[in-house]
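Hi everyone, thanks for making room for me today. I'd like to walk you through a few local spots that caught my eye, so here is the structure.

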Amino acid sequence: MLARGQGMARAVVRGVFGGQAWSLGRVAGIPIAIDRSWILIFLLITFSLGGSFAAERPDWPVAARWGAALSASLLFFASIVLHELGHSLTALPLGVRVRSITLFLFGGLAALESEPRRPRDEILIAVAGPLVSALLGAAFLGLAAGLPDGPALVAGWLGRINLMLAVFNVLPGFPLDGGRVLRGVAWAATGSFEQATRMAAASGAFLAYGLMGLGGLAALLGGQVLGGLWLVFIGWFLLSTARLSVAQVELEQVLAPVSCRELVESVSGALLDGSESAASVIDTAVLRRGLRTFYVVDAREQLRGLVTLGELAAIPPGERAATAVESVMRPAHGLVVVAPGESAWQAFRKMAEGGVNQLPVLADGRLVGAITRERLVQLVQAGASLRSG
C-alpha cells in the first residue's frame, strides 16, 4: 500500500493502535520499520499456521511444526517488504522520494513524500508492488515442487499467499494498488488529479462497504466470526484511508497556491535575547499577555532558538529566577522552519511531520515571523466554506 507524505502515513498507521514503530535498518537508503500493531497479526498468522500444519502433518514433532510456522510467517512479512520495495524502487527513478516502509497490522505501507507527477508514473509505481508479489508467488510454488516434504509445505503456502496478496491488491479500490491504477487512468482521461482521486476513492468506498457486508454475513450467517470480523475491519480501514486521501488532496488544493509570505504573523512581542530569566518571562509575558512561544534571536535577528511554555513550566519554581531562558531553549538547528517562498501546503506538511503547532519563518537565517496551525486552519475553513457554497 502507498500513502502520500509522512504525515498521512503516520495517520494511517497510528489510527490502528497508536503506532509506535521500531527501526529495522535501511534498504536502498529507505528506512524500514515495524509498527507495534504488527505484533498482533504476526502472532495470529503464526498460531494459525501452527494449527494448520498440525492438521496436515500430524506426524510432525511439535518443534518442527512451530518452526515451520514461524519461518513461514517471517518469510511472508519479508515478502511484504519486497512488495513495498517494488513500489519504492520504481518511484525513486521517477522523482518521487520514499520516506519509509512500515510493517503494520494490515501489511505494509510505503510513505511517499509526494504524489507522482504524471498519470503514467502513478500507474507504474502502483503496478510494481503486485507484480513483485506475483513473481514471488510463482517462485515459491516452483520451489515447492522440488523441495522435500517440510520445506515444500512452507513454500507452497508462501506461493499461494503471495498470489492472493497480488490479486487482492489489484482490486480497483483506492487506496489499494488497483485503486491507484484506476486513479492514474482517470487522471489521464480527465486531466484532473483531484477528480481522479475522488473517483478512485468512491470505488474504494464501494469495495470497503462490500467487504464489510461480506464480513457481516460470514459472521452472522456462516458462523465464521473471526474471519468475518477481520473482513469488516479491513473494509473499515480501507474506507478510512480512502477518505483521508481525498481530504489530503482537498487540503492541498486550498493551501498550495498560498505562500508562507502571505500568512506570516509578527512575533515582535515574543522576541528574547536569551539572557532573561525564566521567572521574568513567565511573569511579564506568560501570565500578563498570555504568550506561550518565544523566539531567542541575536542582535541581527538571526534565530538562535525557541522556548515554549512547556520548557518554562518544566523548570522547578524555586530555580526559575536563576535560570536563563537560553539554557532551556531548543536550538535553532533542531527546529522545523519554513522559508517565505514556500507554500502553505509545505508548511502544513512540515507541521504534521514535525508534530509542531507553529513554524518560524526564516529568510537567510533571519526571523521574519511565524506561521501557526490556527492560521492554516482558518485558511482551510475558508476554502471549505467556498467549496460547500
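Let's begin with A28, which is exposed because its relative accessible area is 56%, above the 50% cut-off. A28 sits in the loop between β2 (21–27) and β3 (30–35). What about its backbone? A28 has a positive phi of about 55°, although it is not a glycine. As a reminder, most residues other than glycine have a negative phi. And please keep in mind that this is a predicted model.

There is another case of this kind, E301, with a positive phi of about 65°, and again this residue is not a glycine. Where does E301 lie? You'll find E301 in the loop between β7 (293–297) and β8 (303–308). Its relative accessibility is 36%, so E301 counts as partly exposed, falling between the 20% and 50% limits.

While we're on backbone geometry, have a look at the step from F174 to P175: that peptide bond is cis, with omega near 15°. Most peptide bonds are trans, as you all know. P175 belongs to the loop between α5 (149–169) and α6 (177–190).

Now let's move to a helix. T46 is part of α2, which covers residues 38–56. Is T46 buried or exposed? T46 is buried, because its relative accessibility of 10% is under the 20% cut-off. What do the polar atoms of its side chain do? One of them lies 2.8 Å from the backbone oxygen of F42. The T46 side chain also makes a polar contact of 2.9 Å with the side chain of S73. If we set aside neighbours within four places in sequence, the residues in contact with T46 are W66, A69, L70 and S73.

W66 turns up again in my last stop, on the surface. Which residues make the nonpolar patch there? They are W22, I39, L43, F47, V62 and W66, and the patch has an area of about 570 Å². Both α2 and α3 (62–91) supply at least two residues each, and α2 gives the most, with 3 residues. From the α3 side, let me pick out V62, which is found in that helix. V62 has a relative accessible area of 49%, so this residue is partly exposed, because the exposed class begins over 50%.

That's my tour. Thanks for listening, and I'm happy to go back to any of these spots on the screen.

Notes
Residues are numbered from 1 along each chain as its sequence is written. This is a predicted model: local features need pLDDT of at least 70, side-chain atom pairs count only at pLDDT 80 or more; totals for chains, interfaces and linings use all residues. Side-chain values use heavy atoms; hydrogens and water are left out. Helices (H or I, at least four residues) and strands (E, at least two) are DSSP runs, numbered from the N terminus. Buried means under 20% relative accessible area, exposed over 50%, partly exposed in between (1.4 Å probe, protein chains only). A polar contact is a pair of N or O atoms within 3.5 Å; within protein, one must be able to donate a hydrogen and the other to accept it, and residues adjacent in sequence count only if both atoms are side-chain atoms. Contact means heavy atoms within 4.5 Å. Patches are made of residues with over 30% relative accessible area and no salt bridge: like charges are joined within 9 Å, nonpolar side chains (Val, Leu, Ile, Met, Phe, Trp, Tyr) within 5 Å. Accessible areas come from the Shrake-Rupley method with a 1.4 Å probe; for residues, only the protein chains shown count as cover. A salt bridge is a side-chain nitrogen of Lys or Arg within 4 Å of a carboxyl oxygen of Asp or Glu.
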